[in-house]
Amino acid sequence: MDRDPVNGGSRGGNGGFGGDGGEFQSPALERLVRSLSRLPGLGRKSATRVALHLLTGGGAAAHADELTTALSEARSQVRTCSRCGAITEPDPCRICTSDRRDRSQLCVVASPVDVLPIEKAGFFRGRYFVLGGLLSPLDGVRAQDLPFDRLLDRLADGPVTEMIIALDASVEGETTALYIQRLLSGNPLQLSRLATGIPVGGALAYTDEVTLQRAFQFRRSF
Ligand SMILES: [Zn+2]
């Protein structure tokens, strides 16, 4: 689109962003703004900025077409791996099917996004299991809402001898880790969790109390 934005509804005169509760005269633009504003982290003001950029900014038509195509392709091709829950296109994913990955190690993470930094670092050669969330009684996330049954099936299914629980160092992460520990009590599996403590480059004087307490609790001998 190479004409001016149809932004007559910005009653506050704030540069046409419609961010003061006013509506555009174009119902199509209104729909786009409303749809964008439902995205996480985008309020109406940011959604309006994005919409106007896509319709009227430099190279707008090409960018909007690219976005439309990317969204359409992602919707049809992206899925979660039926074995591990990672985001993938082939199912099972390449990590699950690779012969070069260690089948004996299984790393449990909360979100598919958590796989990325571990893969980027490149030191872990095992496989993953994505929970898709953390136990949080306050938010109504209970054990039956997370795929613990699939996790047990996975263990029964493969030659896993070590499970590494790599969850957030939060109350929810702690609750979930303890639940998994209880779930697997009696299982001969070697169960471990990520160490917590003072980060590399961190100054002791500025370390928060909980981290410091953990660092003492999980101190190691030289
Ligand atoms: Zn997988």
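This is a short tour of a predicted model, stop by stop.

**Stop 1: confidence**

Colour the chain by pLDDT. The average is 88, and 91% of the residues score at least 70. Now select residues 1–19. Here the pLDDT is below 50. The stretch still has 43 contacts in the model beyond near neighbours in sequence. Where pLDDT is low, predicted coordinates should not be read in detail. Hide residues 1–19 if they clutter the view, and move on.

**Stop 2: the sheet**

Switch to cartoon and select β3, β4, β5 and β6. These four strands form an open sheet. Which order do the strands take? Read across, it is β4-β3-β5-β6, with parallel pairing. Strands of a sheet pair through backbone hydrogen bonds, either parallel or antiparallel.

Look at the two edges. They are β4 and β6, the latter spanning residues 190–193. Each of these edge strands pairs on one side only. Then turn the sheet to see its twist, which averages 25° from one strand to the next.

Zoom in on β5 and β6. The two run parallel and are joined by four bridges. For one example, select I165 and R193: R193, in β6, is the bridge partner of I165.

**Stop 3: the largest core**

Nonpolar side chains tend to be buried together in soluble globular proteins. Select V108, V109, Y128 and V130. These have the most contacts inside the largest nonpolar core, a set of 24 residues.

Which elements give two or more residues to this core? They are β3 (105–109), β4 (127–130), β5 (162–165) and α7 (171–183). The biggest share, four residues, comes from β3.

Centre the view on V109. Leaving out residues up to four places away in sequence, V109 touches D114, V115, Y128, V130, A166 and L167.

**Stop 4: a second core**

Apart from the largest core lies another, of seven residues. Select A47, A51, L52 and L55, which are among them.

**Stop 5: V50**

Finish in helix α2, residues 44–56, and pick V50. Is V50 buried, exposed or partly exposed? It counts as partly exposed because it has 18 C-beta neighbours inside 10 Å, whereas a buried residue needs 20 or more and an exposed one has 12 or fewer.

Show the surroundings of V50. Not counting residues up to four places away in sequence, V50 touches L36 and L42. Then draw a C-alpha to C-alpha distance from V50 to L32. The two residues are 9.6 Å apart in space and 18 residues apart in sequence.

Technical notes: Residues numbered from 1 in each chain as written. Predicted model: local features only at pLDDT ≥ 70, side-chain atom pairs only at ≥ 80, totals over all residues. Core = buried A, V, L, I, M, F, W, Y, C linked by C-beta atoms within 7 Å. Contact = placed C-beta atoms within 7 Å. Pairing = 2+ DSSP bridges. Axes fitted to C-alpha atoms, helices over the stretch in contact; angles between N-to-C directions. pLDDT = per-residue confidence, 0-100.
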